[in-house]
Amino acid sequence: EVEREIDPTARQLTGFELARARAAIPRVGSLDRQRAGCSDVYREALSGVADIEIPASEQGTPLFNFPVLVPDKPSLLREAKARSVEIIAWPNTTVISGIDDPAALATLGYEAGTCPVAERVASRLIGLPTHPRTTRRHLDRTIRFLSQRYGV
């Protein structure tokens, strides 16, 4: 089962992915500005929200997902899903992104407790969207959700 999760062919770009990547090259600058702008809005709005931590990053940095550490990741994800608020479970449940079954880690030679900091971070880390379809309305809704849940 683990072999299916880390199949070497999964690392190879398909023709469709390659075409999308080539088509995106002219837009890299605007994509970076979009991601950096979203990250800056999140950083400013959430910096004072109790019970969450925002890992350090410089203003103007284009982040693929904006990282936030929360005390109760599983319940936050359930509530966000119920309210249709886009929050990324990043990584989902284990210290190795893409492997969601904790039992699969042992088959790869990973022993629980080997990387306690990574395990602690993985249990609390979520990502907030910065993709090109993230509008100001989307940002405000996500910020409002987190602010209401954790208080200011």
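I'll start with helix α3: its buried residues pack against β1 (65-69), β3 (125-129) and α7 (136-150). Bear in mind throughout that this is a predicted model.

Which residues of α3 are buried? They are R35, A36, C38, S39, D40, V41, Y42, R43 and L46. As for the geometry of this helix, α3 covers residues 28-46, which is 19 residues. At 1.5 Å a residue it should span 27 Å, and its end C-alpha atoms are 27 Å apart, so the expected span and the model agree.

Now the sheet. The model has an open sheet of three strands, in the order β1-β3-β2, and the pairing is antiparallel. The edge strands here are β1 and β2, each of which pairs on one side only. Helix α4 packs on this sheet, where it touches β2 and β3, and its direction makes about 30° with that of β3.

Next, the pairing in detail. As a reminder, strands of a sheet pair through backbone hydrogen bonds, either parallel or antiparallel. Between β1 and β3 there are five bridges, and the two strands run antiparallel. One position to look at on screen is F66, whose bridge partner in β3 is L128. On the other pairing, strand β2, residues 88-89, is joined to β3 by two bridges, again antiparallel. There, A89 stands opposite I126 of β3.

How many of the five residues of β3 are buried? Five of the five, so to speak of β3 as mostly covered is fair by the burial cut-off of under 20% relative accessible area. In a regular strand the side chains alternate between the two faces of the sheet. For β3, both faces are covered: L125, G127 and P129 are buried on one side, and I126 and L128 are buried on the other.

That leaves the helix pair α4 and α7. Helix α4 runs over residues 73-82, and its axis comes within 12 Å of the axis of α7, with a crossing at roughly 130°. Are the two parallel or oblique to each other? They are therefore oblique. The crossing of α4 past α7 is right-handed. On the α4 side the contact is made by S75, L76, E79 and A80, and on the α7 side by F145, L146, R149 and Y150.

To close, two points to keep in view on the structure. Strand β3 pairs with β1 through five bridges and with β2 through two. Helix α7 is packed against by buried residues of α3 and is crossed by α4.

Note on methods:
Residues are numbered from 1 along each chain as its sequence is written. This is a predicted model: local features need pLDDT of at least 70, side-chain atom pairs count only at pLDDT 80 or more; totals for chains, interfaces and linings use all residues. Side-chain values use heavy atoms; hydrogens and water are left out. Helices (H or I, at least four residues) and strands (E, at least two) are DSSP runs, numbered from the N terminus. The expected span of a helix is 1.5 Å times one less than its number of residues. Buried means under 20% relative accessible area, exposed over 50%, partly exposed in between (1.4 Å probe, protein chains only). Contact means heavy atoms within 4.5 Å. Two strands pair if DSSP finds at least two bridges between them. Axes are lines fitted to C-alpha atoms, for helices over the stretch in contact, and angles run from 0 to 180 degrees between N-to-C directions. Angles under 35 degrees count as roughly parallel, over 145 as roughly antiparallel, 65 to 115 as roughly perpendicular and the rest as oblique. A crossing is left-handed if the near helix is turned anticlockwise from the far one by less than a right angle, and right-handed if clockwise.
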